[in-house]
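Here is a walk through one predicted model. Keep the structure open and follow the strands and helices as they come up.

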Amino acid sequence: MTERVQVSVTDGIARVELTRPEARNAVDLPMCHELREAFESLDDDVRVVLLSGRGPVFCAGADLKERTGKDAAWVRRRRVASFAAYAAIEQCRVPVVALVQGAVVGSGGEITLAADFALAASGTVFRFPEPHWGTVGATQRLQRAIGKRRAKELLFTNRALGAEEAADLGVVTRVVPADALAAAGDETAASIAKAPPLAISLTKRAVDLGSETDLDRGIRIELAAIEQCLADGGWRDGVARFTAGNGEPR
């Protein structure tokens with residue numbers, strides 16, 4: 001069986017790629033397992049992850065063909081495996097940036113939303129058609145990204161969501177020309193990798209935990225993160241770089 005997910009690491013930047021282009025990178029059970037393993041086994045020297053799909057389509061959703069002849073128990077296990085894969089992306093200790101292009105359908109949208117943020121090639125189209133496939137999905141991350149009413153509209157209607165509108169709604173953070181997506185990803189990853197890894201990791205955790213509570217508790221979360229930075233001592237290097245660069249991080 002061929003690999004569905006490939007991982008490479010260079011200079012602290014991990015590239016996790018969906019490599020099933022012959023099936024438009026549709027997600028099947030082996031891909032779920034491989035995607036989860038890819039994120040759970042990243043080395044400690046990784047600073048940032050670029051998550052992409054090989055070929056013209058980022059991910060055409062779940063591979064419904066594999067469910068032919070399966071019973072409800074199998075489908076339930078398959079869905080649990082997909083949830084575990086999305087969670088592994090979301091819980092990654094370092095920033096994860098999705099680079100999406102072409103069609104991003106169903107599970108592809110879940111993968112995109114599990115990343116910390118996403119860049120999209122112009123012409124990218126999102127759809128969340130789960131109810132139209134007779135199932136339920138994308139009901140949680142989508143509404144947290146764009147709001148309950150907008151999520152319902154997209155799920156109920158299976159309406160195509162273009163790249164620019166996806167950026168307006170916050171599904172992606174930036175739209176770039178299709179031939180510039182890889183370069184934009186590399187530039188973004190290099191920028192993140194320059195920052196002290198502990199500060200980035202604690203910032204990610206503080207934002208994620210703070211989003212689940214009120215401002216008062218959120219400030220306490222940030223203070224706890226600051227205490228960890230102070231205990232580490234790396235903040236002194238940041239001050240030195242700031243001073244040497246006349247206020248500009250280098």
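Start with strand 4 and strand 6, which pair in the parallel sense over four bridges. Strand 4 covers residues 96-100, and strand 6 covers residues 117-121. To find the register, look for Val97: this residue stands opposite Phe117 in strand 6.

Strand 6 is mostly covered, with four of its five residues buried. Strand 6 also pairs with strand 9, residues 174-176. That pairing is parallel too and has three bridges. Here the residue to find is Ala120, whose bridge partner in strand 9 is Val175.

Now go back to strand 4 and look at its pairing with strand 3. The two run parallel, and three bridges join them. Leu51 has Ala98 in strand 4 as its bridge partner. How does the chain cross from strand 3 to strand 4? The path goes through helix 2, and this β-α-β crossover is right-handed.

Strand 3 itself deserves a closer look. It spans residues 48-53, and six of its six residues are buried, so the strand is largely enclosed by the rest of the structure. Which residues point which way? Val48, Leu50 and Ser52 point one way from strand 3. Val49, Leu51 and Gly53 point the other way. Both sets are buried. Leu51, then, is a buried residue with a bridge partner in strand 4.

Strand 3 also pairs with strand 2, residues 13-18. The sense is parallel, over six bridges. Leu18 stands opposite Gly53 in strand 3. Between these two strands the chain passes through helix 1, residues 29-40, in a right-handed β-α-β crossover.

Next come the helices. Helix 2 covers residues 72-90, and its axis comes within 8 Å of the axis of helix 3. The axes cross at roughly 25°. Angles under 35 degrees count as roughly parallel, and helix 2 and helix 3 are therefore roughly parallel to each other. Which residues meet there? From helix 2 they are Tyr86, Ile89 and Glu90. From helix 3 they are Ser107, Glu110, Ile111 and Ala114. By class, this contact has four nonpolar, one polar and two charged residues.

Helix 3, residues 107-114, also lies across strand 5 and strand 7. The helix runs at about 90° to strand 5. That leads to another set of strands.

Three strands form an open sheet here, in the order 5-7-8, with mixed pairing. Which strands stand at the edges? They are strand 5 (103-105) and strand 8 (161-162). Each has a single partner strand, so one side of each is left without a neighbour in the sheet. Strand 5 pairs with strand 7, residues 125-127, in the parallel sense over three bridges. Val104 stands opposite Phe126 in strand 7.

Finish with a single residue in helix 9, which spans residues 215-232: Glu222. Is Glu222 buried or exposed? Its relative accessibility is 46%, so Glu222 counts as partly exposed. For a sense of distance, take Leu35 as the second point. Glu222 and Leu35 are 187 residues apart along the chain, and their C-alpha atoms are separated by 31 Å.

Key: Residues numbered from 1 in each chain as written. Predicted model: local features only at pLDDT ≥ 70, side-chain atom pairs only at ≥ 80, totals over all residues. Heavy atoms only, no water. Buried < 20%, exposed > 50% of the residue type's maximum accessible area, 1.4 Å probe, protein only. Pairing = 2+ DSSP bridges. Contact = heavy atoms within 4.5 Å. Axes fitted to C-alpha atoms, helices over the stretch in contact; angles between N-to-C directions. Parallel < 35°, antiparallel > 145°, perpendicular 65-115°, else oblique. Nonpolar A, V, L, I, M, F, W, Y, C, P; charged D, E, K, R; others polar. Right-handed = clockwise from strand over helix to strand, strands pointing away.
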